[in-house]
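Hi everyone, thanks for making time this morning. I'd like to walk you through a structure that will be new to most of you, so please have a look at it first.

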Amino acid sequence: IQVETRPPLAARGMNEFLVIASREQSKPVHNLVVSLRINEDGRWHQAIQDGHVGVYRRAIAVEDPANDVLLVRVDRDNRQGLLRFPLSDQIASVKNSLP
């Protein structure tokens, strides 16, 4: 599972989140139900599958990019997984890549 944001660095306001699901040898996984929310108390929003290429997308509001956490719930065959992506990791990653 990989997550990308639009804009590339999450900002206050509406952001689009792309969840990219693949298995060995980069084969797309297209039979998932993917839901997103910001923080533990946020409302779940089901992502929309973008074709059968393993990409799921949803726009949701971000209030505090420095402290908010994106939670991704993945359902498949009566099994469920939960992943956490602190948005602050994006900020740290950008700062570490600057010259």
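Let's start with one pair of side chains: Asp77 and Arg76 form a salt bridge, with their closest N and O atoms 3.7 Å apart. By salt bridge I mean a side-chain nitrogen of Lys or Arg within 4 Å of a carboxyl oxygen of Asp or Glu. Asp77 is exposed, at a relative accessible area of 56%, while Arg76 is partly exposed, at 28%. For those words, buried is under 20% relative accessible area, exposed is over 50%, and partly exposed lies in between, with a 1.4 Å probe and protein chains only.

Before going on, a word on where this comes from. This is a predicted model, in which local features need pLDDT of at least 70 and side-chain atom pairs count only at pLDDT 80 or more, while totals for chains, interfaces and linings use all residues. Residues are numbered from 1 along each chain as its sequence is written, and side-chain values use heavy atoms, with hydrogens and water left out.

Back to Asp77, then. Where is Asp77? In the loop between strand E9 (69-76) and strand E10 (79-86). Strands (E, at least two residues) and helices (H or I, at least four) are DSSP runs, numbered from the N terminus. Asp77 has a positive phi of about 50° although it is not a glycine. Asn78 is found in that loop between E9 and E10 too, and Asn78 also has a positive phi, about 60°, without being a glycine. Asn78 is exposed, with a relative accessible area of 86%.

Now let's step back to the whole chain. How many helices and strands does the protein chain have? One helix and ten strands. Reading from the N terminus, the elements run β-β-β-β-β-β-β-β-β-β-α. Of the 99 residues, 31% count as buried.

Next, the sheet. Four strands make an open sheet in the order E1-E2-E8-E7, with antiparallel pairing. Its edge strands are E1 and strand E7 (48-49), each pairing on one side only. Two strands pair if DSSP finds at least two bridges between them. E2 and strand E8 (residues 55-62) run antiparallel and are joined by eight bridges; among the partners, Ile20 is matched with Val55 in E8.

Those two strands also share a salt bridge: Arg57 with Glu16, the closest N and O atoms being 2.9 Å apart. This pair links distant parts of the chain, with Arg57 in strand E8 and Glu16 in strand E2, 41 residues apart. Both are partly exposed, Arg57 at 27% and Glu16 at 24%.

Two more spots are worth finding on your screens. At Arg6 and Pro7 there is a cis peptide bond, with omega about 5°. Pro7 is in the loop between strand E1 (2-6) and strand E2 (13-20). Arg6 also has a salt bridge to Glu4, at 3.2 Å from N to O.

And my last stop is Asp68, in the loop between E8 and E9. Which side chain of opposite charge is nearest to Asp68? Arg12, but at 7.8 Å, and Asp68 is buried yet has no salt bridge. Charges here count Lys and Arg as positive and Asp and Glu as negative, leaving out His and the chain ends.

Thanks for listening, and I'm happy to go back to any of these spots.
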